[in-house]
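Q: Please take a close look at a single part of this structure and describe how it is arranged and what lies against it.

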Amino acid sequence: MSERLRIAITKGRLLDKSVELFEAVGLDCSPIKDPGRRLVHCVPNYPLDAVLAKAPDVITYVEHGVCDLGIVGKDTILEKGGSFYEVLDLGFGKCRFALAVKEGSDFYGTYKTRRIASKYPEVTRAFFEKKGMDVDIIKIEGSVELAPILDLADAIVDIVETGATLKANGLVPIEDVAQVSARLIVNTASMKLYKDEIADLIARCEGELERRK
Ligand code: PRP
């Protein structure tokens with residue numbers, strides 16, 4: 001008998017796409033599609049239970065081994081890091097991290113230390129460290145586009161999907177920082193303990209992703 005696996009799925013925009021993928025590979029996701037206030041759901045026709053969680057918590061649950069697998073954005077992986085296997089780029093939830101400034105401002109044309117606002121200080125730190133550039137990073141919790149408008153920062157590092165939010169706030173992207181999409185991650189011990197079960201799920205997803213190309 002195969003072991004029941006547990007997967008943590010990021011709530012919000014990645015959840016619908018995750019359900020779409022799992023249904024395409026034959027998993028009955030009806031309990032997840034009608035979750036109510038319940039946070040743990042069983043897949044009736046496959047040995048898998050799904051836990052719905054916030055992105056950073058997906059990583060925490062997988063790292064601690066209370067979930068064998070997780071679906072989480074590369075943005076959260078880059079920011080939070082951690083010890084787990086990143087086994088599959090799921091191809092949805094695509095966007096990018098970009099460096100953006102107020103339209104018309106010359107970001108590189110000054111020697112003074114630049115201030116960068118971001119919800120992702122670690123991604124920002126790594127980007128400027130690679131450039132060998134010393135910057136002051138200010139952590140913002142939401143609507144980081146406000147920081148340059150209010151003259152709190154010279155630039156922002158943030159997620160850009162359509163570019164509409166930047167445009168609406170008079171900002172322009174000047175450099176890509178990293179590409180982002182949803183990833184399937186696996187706890188390192190689970191990978192050994194439930195090798196066959198996990199391989200089956202990965203193979204099903206890979207097959208579907210290949211079909212979508
Ligand atoms: C993200 C990001 C931007 C916006 C970009 O915020 O921080 O504000 O999306 O999308 P666009 O390029 O399509 O305009 P999100 O909506 O995820 O909200 P958050 O502040 O809760 O992260």
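**The open sheet and its surroundings**

A: In this predicted model, the description may begin with one pair of strands. Strand β5 and strand β11, the latter covering residues 182–186, pair in the antiparallel sense over four bridges. Within this part of the model, Tyr85 stands opposite Val186 in β11.

This pair belongs to an open sheet of six strands, whose order is β2-β3-β1-β4-β11-β5 and whose pairing is mixed. The strands β2 (40–43) and β5 (85–89) stand at the edges; each has a single partner strand, so one side of each is left without a neighbour in the sheet. On average, and with direction ignored, neighbouring strands of the sheet are turned by 25 degrees against each other.

Two helices pack on this sheet. Helix α1, residues 13–24, touches β1 (5–10), β3 (48–53), β4 (69–73) and β11, and its direction makes about 140 degrees with that of β1. Helix α3, residues 55–63, also packs on the sheet and touches β1, β3, β4 and β11; the direction of helix α3 makes about 150 degrees with that of β4.

One residue of helix α1 may be considered in detail, namely Arg13. Arg13 has a relative accessible area of 67%. Because a residue counts as exposed when this value is over 50%, Arg13 is exposed. The side chain of Arg13 is joined to that of Glu161 by a polar contact of 2.9 Å. Arg13 and Asn187 are 174 residues apart along the chain, and their C-alpha atoms are separated by 23 Å.

How values were computed
Residues are numbered from 1 along each chain as its sequence is written. This is a predicted model: local features need pLDDT of at least 70, side-chain atom pairs count only at pLDDT 80 or more; totals for chains, interfaces and linings use all residues. Side-chain values use heavy atoms; hydrogens and water are left out. Two strands pair if DSSP finds at least two bridges between them. Axes are lines fitted to C-alpha atoms, for helices over the stretch in contact, and angles run from 0 to 180 degrees between N-to-C directions. Contact means heavy atoms within 4.5 Å. Buried means under 20% relative accessible area, exposed over 50%, partly exposed in between (1.4 Å probe, protein chains only). A polar contact is a pair of N or O atoms within 3.5 Å; within protein, one must be able to donate a hydrogen and the other to accept it, and residues adjacent in sequence count only if both atoms are side-chain atoms.
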